[in-house]
Amino acid sequence: MMLPLEGFRVLDLTHVLAGPCATHHLRCLGAEVIKIERPESGDPMRALGVQPQLRGLPPGFRALNAGKKSVVIDLATTEGREAALRLAATADIFVENFRPGVAKRFGLGPEAVRAVRPDIIYCSISGWGQSGPHSSRGAYDHVVQAATGMMALQGSGADDPPVKVGFPVIDIATGISAAEAILAAVVRRLRGDTAPITLDVSMVDSALALMSGPAAATFESGEAPDRVGNRGFVGSPGAETFATADGHISVAANTKGQFATLCRLLGKPELARPPHVPEGLSDGSFLAGLATDALRAELVAAFAASDAAALETELNAAGVPAARVRDLGEFLRDVYPRTEGIGIAGEPVAVGPAFRWMGEEKLSLPPAPLLGADTDTSIAAGTPSAARVTSMGRR
């Protein structure tokens with residue numbers, strides 16, 4: 001299988017999650033990724049100081065660095081800067097996620113890199129963007145969740161404390177956004193655009209993009225939307241996560257037909273008729289705004305007497321989306337193996353982009369590298385005489 005970025009070289013000066021996620025996606029699409037790391041400690045995700053027994057390869061690092069090359073360079077030295085620029089001269093794409101201004105202080109800003117490779121695609125990833133009064137602020141996922149309103153959207157009532165999403169959702173979304181931006185820039189290059197390309201990808205923009213629906217409502221009204229907790233976003237009485245006799249189940253009975261099916265399986269068919277549901281609605285009508293407290297109390301009592309696993313099977317067989325609430329371990333053990341999956345052969349803890357090339361072999365990559373594993377060979381190859389770059393993506 002030919003991957004779309006075969007022949008492209010990425011110089012990766014990123015660390016932790018968002019940047020490595022971006023270059024992970026590029027690597028999965030066939031690019032060669034040369035990861036520049038600081039001496040001794042490398043990417044902080046290697047956790048060399050606190051988990052030395054893992055040799056710098058804990059699962060979190062392996063998940064986003066499979067198949068990359070690791071080159072140790074001290075960017076604070078003249079020799080390190082020169083080595084990085086030699087590698088940049090051979091690259092098609094340059095990615096960094098320092099705080100704004102740091103790459104320039106290292107002598108690796110867009111202008112310096114373009115001096116050695118004029119057509120390079122230069123991508124900067126940051127918390128708040130490359131300009132503006134907040135650009136110098138540091139950013140971590142949960143901090144950006146707090147700043148952007150995402151944390152305040154979690155929970156079910158106005159008096160609930162703020163709750164962060166249970167995984168670094170903004171970091172990963174930012175990495176995917178950066179990969180998308182880089183791919184768009186590659187298309188520009190392949191269509192003959194020779195203008196300088198500098199990409200500015202931020203966590204706050206990625207957070208806003210994830211919240212496009214609530215953001216649209218807030219732009220229109222000027223007021224933040226109410227919290228919905230575990231209810232569905234449509235507002236149907238049958239779209240919620242309910243407690244059962246043996247756990248919880250999340251149901252999406254959004255339409256009148258689906259809600260009638262749900263109520264029948266719960267042994268409460270009358271709940272899908274007046275006064276709870278108006279006459280005359282088609283089976284495909286969304287029951288938006290009909291989740292009254294009285295109806296919810298009836299549903300809660302009916303679910304409490306039900307078995308989650310049996311109800312999950314019955315509802316899905318009848319065309320009502322439903323899933324018993326599982327933890328991630330149970331999902332990966334019992335449910336995920338029933339799907340085609342997006343796993344990567346060669347690195348069992350990693351997953352690739354969330355799509356498949358139908359009818360073609362699954363992605364395979366070498367394991368994530370030890371710190372500095374490719375330093376000597378990559379720097380030796382990164383000289384003007386050895387680069388032999390003739391056009392983007394071709395060596």
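## A tour of the model

This is a predicted model. Mean pLDDT for the chain is 94, and 96% of the residues reach at least 70. Color by pLDDT to begin.

**Stop 1: the low-confidence stretch.** Select residues 383-390. Here pLDDT stays under 50. The model gives this stretch 12 contacts beyond four places in sequence. Keep that confidence in view while reading those contacts.

**Stop 2: strand β4.** Select residues 93-96, which form β4. Show the side chains. Which residues point one way, and which the other? Ile93 and Val95 share one direction, while Phe94 and Glu96 take the other. All four are buried. In a regular strand, side chains alternate between the two faces of the sheet.

**Stop 3: the neighbors of β4.** Add residues 9-13, strand β1. β1 and β4 are parallel and pair through four bridges. Pick Leu11 to see one position: its bridge partner in β4 is Phe94. Now add residues 121-126, strand β5. β5 also runs parallel to β4, joined to β4 by four bridges. Zoom in on Glu96, which sits opposite Ser124 of β5.

**Stop 4: the cysteines.** Select Cys21, then Cys28. How many disulfides does the model have? The count is zero. A disulfide needs two cysteine sulfurs within 2.5 Å. The closest cysteine sulfur to that of Cys21 is in Cys28, 9.3 Å away, so the two are too far apart for a bond. Switch to a surface view next. Cys21 has 2% relative accessibility, so Cys21 counts as buried. End at Cys263: its relative accessibility is 0%, so Cys263 counts as buried too.

How values were computed
Residues are numbered from 1 along each chain as its sequence is written. This is a predicted model: local features need pLDDT of at least 70, side-chain atom pairs count only at pLDDT 80 or more; totals for chains, interfaces and linings use all residues. Side-chain values use heavy atoms; hydrogens and water are left out. Buried means under 20% relative accessible area, exposed over 50%, partly exposed in between (1.4 Å probe, protein chains only). pLDDT is the predictor's confidence in each residue, from 0 to 100. Contact means heavy atoms within 4.5 Å. Helices (H or I, at least four residues) and strands (E, at least two) are DSSP runs, numbered from the N terminus. Two strands pair if DSSP finds at least two bridges between them.
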